[in-house]
Amino acid sequence: MVILKNNDLEVELNPKGAEIIKIIGQHDQINYMWKREASLWASSAPILFPIVGALQNNECRIEGKTYTMTQHGFSRHNVYEVQQLSDTKVEFELQPNEEILKQYPYYFDLKVTYTLIDNKLACHCLVKNTDKRDIYFQIGGHPAFACPFMEDESSNDYYIEFEQNETLNQKIIDVERRGMSTKTQLLFDNEKRFFVRQALFNNDAIVVKDMKSEYVSLKSLNHNKSICFHMKNFNHLGLWTSKHVGGLLAIEPWVGHSDYVDFKGEFKEKEGVVTLAPQEEFECQFIVEINQ
């Protein structure tokens, strides 16, 4: 494990999946990350690459050949190389190995850099095409936060608040077919907040595209502690909790999403996929701000 620490926060990170394990407030000693209870969800914040969500039948077609990859891709199952740059900064790096190339035939360099600045943890992702041809990918985060923050609270008192009023349609996930439906439904009509309720997550995650807000917050009615989640260069946002509300709420910035249930095209034709020419780079970033 890797530890980053300053006067406001102590952060624990796992080289496997470049994953945030804990974010502990130095002033209140609360771990604001999900406690990784295996019966609900055993992870906490893996980096998703080179897909977000699921492929139809766990298969994708690249240049006419079929490859197999499980949900959210191989990044979360691989151990990154680690270079700790200071007490408040670390760089994780993933490059293809033999097993990765069996799932995804492109050469790449993925660097995930975490930097602790005051009460904020920044996660900067950089993908470089080290192949001799164009490469295609999706990328995302999956940080799951404690909801409620403290054990003597109820998640029913917590709400998500967007930076700005939004008018947004929600993409509908087809749980039985393990893919994205082509149907949508109205989530917000010039609104900015909703309370955490099970019925909202009966069809898995809430997924929205191209929102105006640059951040969303997780807040409680009962105190001023909050998480403010900033996003840059992502085109989708997923919000997810386990089947029984209470314990966790994931705020997931994505580039792309699961295959549509009727998708039969090549990998490069997936919605939201990034195309990189040789030696080109793609960057995105999210920042977790903890207000204790």
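Two strands are taken to pair if DSSP finds at least two bridges between them. The model described here is predicted, and what follows applies that rule to its strands before turning to cysteines, to enclosed and open spaces, and to one histidine.

**Sheet pairing**

An open sheet of three strands runs in the order E1-E2-E3, and its pairing is antiparallel. Strand E1 (2–5) and strand E3 (19–25) form the edges of this sheet, each of them pairing on one side only, and the twist from one strand to the next averages 15°. Between E1 and strand E2 (residues 9–14), which run antiparallel, there are four bridges, and Leu4 stands opposite Val11 in E2.

Further along the chain, a series of antiparallel pairings can be followed from E7 to E10. Strand E7 (residues 81–86) is joined to strand E8 (residues 89–94) by five bridges, and the hairpin that links E7 to E8 passes through two residues. Six bridges then join E8 to strand E9 (residues 108–117), again in antiparallel fashion, while 10 bridges join E9 to strand E10 (residues 120–129), which also run antiparallel.

Individual partners show how these strands are aligned. Glu93 in E8 is the bridge partner of Glu81, and Glu93 also stands opposite Lys111 in E9. Leu94 stands opposite Leu110 in E9, and Thr115 faces Ala122 in E10. E9 and E10 form a hairpin with two residues between them, and in that turn Asp118 has a positive phi of about 55°. Strand E9 is mostly covered, since eight of its 10 residues are buried.

**Cysteines**

How many disulfides does the model contain? The count comes to zero, with a disulfide requiring a pair of cysteine sulfur atoms within 2.5 Å. For Cys60 the closest cysteine sulfur, in Cys284, is 20 Å away, which is too far for a bond. Cys123 is likewise in no disulfide, the nearest cysteine sulfur being that of Cys125 at 4.1 Å; this separation can be set against the limit of 2.5 Å. As for solvent exposure, Cys60 counts as buried because its relative accessibility is 4%, and Cys123 is buried with a relative accessible area of 0%.

**Cavity and pockets**

A search of the whole structure finds one cavity of 30 Å³ or more. Cys60 appears again here, as one of the residues that line the largest cavity, together with Leu55, Glu59, Arg61, Asp259, Phe263, Gly265, Glu266, Phe267 and Lys270. The open spaces include a largest pocket lined by 30 residues, of which Gln71, Val175, Asp204, Ala205 and Trp240 lie nearest its centre. The elements that give two or more residues to this lining are strand E14 (158–174), strand E15 (179–195) and strand E20 (247–255). The second largest pocket is lined by Ile30, Asn31, Met33, Trp34, Lys35, Ala146, Pro148, Phe149, Met150, Glu151 and Gly247.

The volumes and the classes of the lining residues are set out below.

| Space | Volume | Lining residues by class |
|---|---|---|
| Largest cavity | about 40 Å³ | four nonpolar, one polar, five charged |
| Largest pocket | about 700 Å³ | 11 nonpolar, 13 polar, six charged |
| Second largest pocket | about 260 Å³ | seven nonpolar, two polar, two charged |

In the lining of the largest cavity, the five charged residues stand beside four nonpolar and one polar, whereas the lining of the second largest pocket has seven nonpolar residues with two polar and two charged.

**A histidine in strand E18**

His230 has its place in strand E18 (residues 226–232). Is this histidine buried or partly exposed? His230 counts as partly exposed because its relative accessibility is 21%, and the cut-off for buried is under 20%. Along the chain His230 and Lys22 are 208 residues apart, and their C-alpha atoms are separated by 18 Å. Lys22 falls within the range of strand E3 (19–25), an edge strand of the open sheet with which this report began.

Conventions: Residues are numbered from 1 along each chain as its sequence is written. This is a predicted model: local features need pLDDT of at least 70, side-chain atom pairs count only at pLDDT 80 or more; totals for chains, interfaces and linings use all residues. Side-chain values use heavy atoms; hydrogens and water are left out. Buried means under 20% relative accessible area, exposed over 50%, partly exposed in between (1.4 Å probe, protein chains only). On a 1 Å grid over the protein atoms alone, a cavity is a set of points where a 1.4 Å probe fits but cannot get out, and a pocket is an open set with protein on both sides within 12 Å along at least five of seven lines; lining residues have an atom within 4 Å of a point. Grid points are joined across faces, edges and corners, and a volume is the space filled by probe spheres set on the points. Ala, Val, Leu, Ile, Met, Phe, Trp, Tyr, Cys and Pro count as nonpolar, Asp, Glu, Lys and Arg as charged, and the others, Gly among them, as polar. Axes are lines fitted to C-alpha atoms, for helices over the stretch in contact, and angles run from 0 to 180 degrees between N-to-C directions.
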